[in-house]
Each structure stands twice: as C-alpha cells, then as structure tokens.
Amino acid sequence: MVISEIKIESLSANGFSHSAEGVHHIKFLPCLSVVQATEGSYDIRIGNSSFFSTGENGIFIAPANALQEITHHDGKNGNMKAHWVFIDAVVNGEYRFDEIFSFPVILDSVYNEEISMLTEKIRFPENIFQKKQAAYRLLEILASEGKERKKGLHPIHTKIESYVKSHFAENIRAEDIAKYLFCSVPQVFRYTHKYFGLSPANYINGIRLQQAEIMLRTSNKLITEIAFTCGFTDSAYFSKRFKKNYAQSPLQYRKEHFEKIDWTFK
C-alpha cells in the first residue's frame, strides 16, 4: 500500500517508577501501545503468541484490541521504571495504522535509545511541534519494522468486535453473538478462542473493562457510574474483575494513570 496520508487521531504517554515485581495484567486496549521498560523488564504475550521478555530497556508493541498478558519484573535495585505511548492513527483516511501492519512483539533493540527519547518528548514536550514530530517519527519506525498485511482482519473477527463494541453496555451473551452471526453458540466459542484467545463472556467483559480503563484515565466520573456505563450491574464485581485484569483497584489505577488525552492532532 502506498501511504499518502497519516492522521493521528489520539495520542497519550505516561510512565511509572516503583516496585512491581510479579504484577500480572491481562488486558487489551483500544489503541496501539508502545511500551518500554527502562529499569527492570516485562514478560509479554500478545494474543496467542509465545511469551517474550523485553529485557531491560526493551520495547514491546501491542496492536489495538490485541490481548496482552504481561508480567512485571523489578530491576537489580528492586524497582521498575517504564513508560509508554498510546497512539491511534488513520492511514489514507480509511485504515487504522495497526490494521495494515503487523509488528514484532519485541522491537529491535537498535531503537531502544531513540524510542526512549521520543517517548519523553511526547510526555514532556517543549512545544506542540516537538510532540508532533516525535509522534510521527515513532510511526515511521514502526512502519519500517512492521510487515504490511496481505489481507485485512477476518470478517468474522471484525463482526464480533464491532457487535460487542456496539452492545457492551447491554446484557449480551454468547447467544446474542450467535444470533447476530447466524451460527451456533459452540461456533461462537470457537471463534472467540481463535481470534481473541478468550471465551465469549471473558471477551465481552474485556471490552467492558477496556472502556472502563479509558474512562478511569480520562474522566472524573464516579467509579460506580463507570461500572454501570460499561455494562456491569454490580460495582463490587466490576472492581473485582478490574483488579484481576489490571492488578490494581479502579481507584488505585485512576490515581496512578489519570491523564488528559491529547486530541490536538484531529
């Protein structure tokens, strides 16, 4: 594909520095993630891939809506430092950046120093021009290391994702997806395991938690309100599921990760 235009729809960056040994996350995010452990390391699996270790200063790449299974490891001094960029870009006015490229789970270490510098420029820019330049350079690196997909996502993958994202606030079940796809419930189980590595119920709850995670980072809504908005009828159950996936309670997660998403690129 000849790329004639890239438009960044959303961009944010953040980081942390504290002990995190053994903290385990299972999640998927609505945007492309570029994550670097500058002290300590990550064990990471994307979708049904094998586990990889970033090593210290290593970088992993997670496409939007890909299942991430992550374990944190402290460095030699008993601390872990990491930072990341969440970026959503549209190519030629039609395709998401990570729909046309597939990326290695671990980025070549030759880019470690530059990615660290670019991430810090996005987090703490001197001005909007520096931030914009760093974001586009990051996409350039990813495009150079990615492989262009010969085919897009499977239509069934897209249909399930679209349906659940449109109805996650409702009391939907595998039976509803089956009716939408005109197939059996066992077939829905096979599809969600194949394309998302999850049962239908866990995939639906994953989408709900994904939306809740965004709201915790970017809004001041009450946690109970977020739970109900995202399709959970019991706020205690929501908190339990959120902590299981993100290794922190919703309140702890908000305190550590709250940020203002930069929409100035639209």
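Author: Contact means heavy atoms within 4.5 Å. The model is predicted. Start with glutamate 69, in strand 7, residues 68-73.

Reader: What does glutamate 69 touch, not counting residues up to four places away in sequence?

Author: Its partners are His24, His25, Ile26, Asp43, Ile44, Arg45 and Phe51.

Reader: Why is glutamate 69 called buried?

Author: Its relative accessible area is 16%. Buried means under 20%. The value falls below that limit, so glutamate 69 counts as buried.

Reader: What makes the approach of glutamate 69 to histidine 24 a polar contact?

Author: The two side chains are joined at 3.3 Å. The cut-off is 3.5 Å between N or O atoms, one able to donate a hydrogen and the other to accept it. The distance is within the cut-off, so the pair qualifies. The side chain of glutamate 69 also makes a polar contact with the side chain of arginine 45, at 2.6 Å.

Reader: Now the rings. How many aromatic pairs are there?

Author: The count is 16 aromatic pairs. One of them joins phenylalanine 232 and phenylalanine 238.

Reader: Why is the pair of phenylalanine 232 and phenylalanine 238 called tilted?

Author: Two values decide. The centres are 5.3 Å apart, and the planes are 50° apart. Rings pair if their centres lie within 6.5 Å, so the distance passes. Planes under 30 degrees apart would be stacked, and over 60 edge-to-face. At 50° neither applies, so the pair is tilted.

Reader: Are phenylalanine 232 and phenylalanine 238 buried or exposed?

Author: Buried. Phenylalanine 232 has a relative accessible area of 3%, and phenylalanine 238 has 0%. Each value is under 20%, so each residue meets the definition.

Reader: Which residues do ring pairs link into a cluster with Phe232 and Phe238?

Author: Tyr237, Phe242, Tyr246 and Tyr253 belong to that cluster too.

Reader: On to helices. What describes two packed helices?

Author: The angle between their axes and the distance between the axes.

Reader: What makes helix 7 roughly perpendicular to helix 9?

Author: The axes of helix 7 (residues 200-218) and helix 9 (residues 235-246) come within 10 Å and cross at roughly 90°. Angles from 65 to 115 degrees count as roughly perpendicular. The crossing angle lies in that range, hence the term. Helix 7 contributes Asn202, Asn205, Leu209, Gln210, Ala212, Glu213 and Leu216 to the contact. Helix 9 contributes Tyr237, Phe238, Arg241, Phe242, Asn245 and Tyr246.

Reader: Why is helix 7 called oblique to helix 10?

Author: Their axes come within 8 Å and cross at roughly 50°, helix 10 being residues 250-257. Under 35 degrees would be roughly parallel, and 65 to 115 roughly perpendicular. The angle fits neither range, so helix 7 is oblique to helix 10. The crossing is right-handed. Glu213, Met215, Leu216 and Arg217 of helix 7 meet Pro250, Tyr253, Arg254 and His257 of helix 10.

Reader: Why are helix 4 and helix 5 oblique to each other?

Author: Helix 4 (residues 155-167) and helix 5 (residues 174-181) have axes that come within 11 Å and cross at roughly 125°. Roughly perpendicular ends at 115 degrees, and roughly antiparallel needs over 145. The angle falls between those limits, so the term is oblique. Lys159, Ile160, Tyr163 and Val164 of helix 4 touch Asp176, Ile177, Tyr180 and Leu181 of helix 5.

Reader: Histidine 157 is in helix 4. How do you know that histidine 157 is buried?

Author: Its relative accessible area is 10%, and the limit is under 20%, so histidine 157 is buried. Beyond its neighbours within four places in sequence, histidine 157 is in contact with Tyr195 and Phe196.

Reader: What makes the phi of asparagine 57 worth a remark?

Author: Most residues other than glycine have a negative phi. Asparagine 57 has a positive one, near 75°. This residue sits in the loop between strand 5 (52-53) and strand 6 (59-62). Asparagine 92 also has a positive phi, about 55°.

Reader: Why is asparagine 57 called partly exposed?

Author: Its relative accessibility is 35%. Buried is under 20% and exposed is over 50%. The value lies in between, so asparagine 57 is partly exposed. At 23%, asparagine 92 is partly exposed by the rule as well.

How values were computed: Residues numbered from 1 in each chain as written. Predicted model: local features only at pLDDT ≥ 70, side-chain atom pairs only at ≥ 80, totals over all residues. Heavy atoms only, no water. Phe/Tyr/Trp six-rings, centres within 6.5 Å; stacked < 30°, edge-to-face > 60°. Buried < 20%, exposed > 50% of the residue type's maximum accessible area, 1.4 Å probe, protein only. Helix = DSSP H or I, 4+ residues; strand = E, 2+ residues; numbered from the N terminus. Axes fitted to C-alpha atoms, helices over the stretch in contact; angles between N-to-C directions. Left-handed = near helix turned anticlockwise from the far one by under 90°.
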